[in-house]
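Biologist: I'm new to this one, so could you walk me through it? I'd like to know how the labels get decided.

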Amino acid sequence: MRKRLIIGMSGVSGAPLTIELLKQLQQYKEIIETHLIVTKGAEMTLEQLYALADEVHD
């Protein structure tokens, strides 16, 4: 049974750290299941960031 790790992101300033953490945890997929929680504030900030770009890709 994999361990669960819940990661919360409450603001866009934490995005680079969150991205790097999730990338690093990919090597432990067999033993760690990651869950990401993004607050409404972080979503709103990201939406503002997306609005500055001509196109946003997943």
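Biologist: What makes Arg-2 count as buried, partly exposed or exposed?

Modeller: Keep in mind that this is a predicted model. Arg-2 has a relative accessible area of 37%. Buried means under 20% and exposed means over 50%, so Arg-2 is called partly exposed.

Biologist: And which label does Glu-33 get?

Modeller: Glu-33 has a relative accessible area of 22%, so partly exposed again is the label.

Biologist: Why is the contact between Arg-2 and Glu-33 called a salt bridge?

Modeller: The N to O distance between their side chains is 3.5 Å. The cut-off is within 4 Å, for a nitrogen of Lys or Arg and a carboxyl oxygen of Asp or Glu, so the pair qualifies. This pair links distant parts of the chain: Arg-2 is in the segment before E1, Glu-33 is in strand E2, and they are 31 residues apart.

Biologist: What makes Arg-2, Arg-4 and Glu-33 a network?

Modeller: Glu-33 also forms a salt bridge with Arg-4, with the closest N and O atoms 3.2 Å apart. Here strand E2 holds Glu-33 and strand E1 holds Arg-4, 29 residues away. Salt bridges thus link Arg-2, Arg-4 and Glu-33 in a network. As for Arg-4, its relative accessibility is 61%, so it counts as exposed.

Biologist: How do you know that E1 and E2 pair?

Modeller: At least two bridges are needed, and strand E1 (residues 3-9) and strand E2 (residues 32-38) have seven, in the parallel sense. Among the bridge partners in E2, Ile-32 goes with Lys-3, and His-35 goes with Ile-6. From E1 the chain passes through helix H1 (residues 15-25) to E2, in a right-handed β-α-β crossover.

Biologist: How many salt bridges does the structure hold?

Modeller: Three. One of them joins Lys-40 and Glu-43, whose closest N and O atoms are 3.8 Å apart. That is within 4 Å, so this pair makes the cut.

Biologist: Why are Lys-40 and Glu-43 separated by about one helical turn?

Modeller: Because they are three residues apart in helix H2. Lys-40 is exposed at 57% relative accessibility, while Glu-43 is partly exposed with a relative accessible area of 32%.

Biologist: Last one: why does Leu-52 count as exposed?

Modeller: Its relative accessibility is 74%, and the label needs over 50%, so Leu-52 is exposed. Leu-52 lies in the segment after helix H2 (40-51). Together with Leu-49, Tyr-50 and Val-56, Leu-52 makes a nonpolar surface patch of about 430 Å².

Methods
Residues numbered from 1 in each chain as written. Predicted model: local features only at pLDDT ≥ 70, side-chain atom pairs only at ≥ 80, totals over all residues. Heavy atoms only, no water. Patch = residues over 30% accessible without salt bridge, like charges linked within 9 Å, V, L, I, M, F, W, Y side chains within 5 Å. Areas by Shrake-Rupley, 256 points an atom, 1.4 Å probe, with all protein chains shown as cover. Helix = DSSP H or I, 4+ residues; strand = E, 2+ residues; numbered from the N terminus. Buried < 20%, exposed > 50% of the residue type's maximum accessible area, 1.4 Å probe, protein only. Right-handed = clockwise from strand over helix to strand, strands pointing away.
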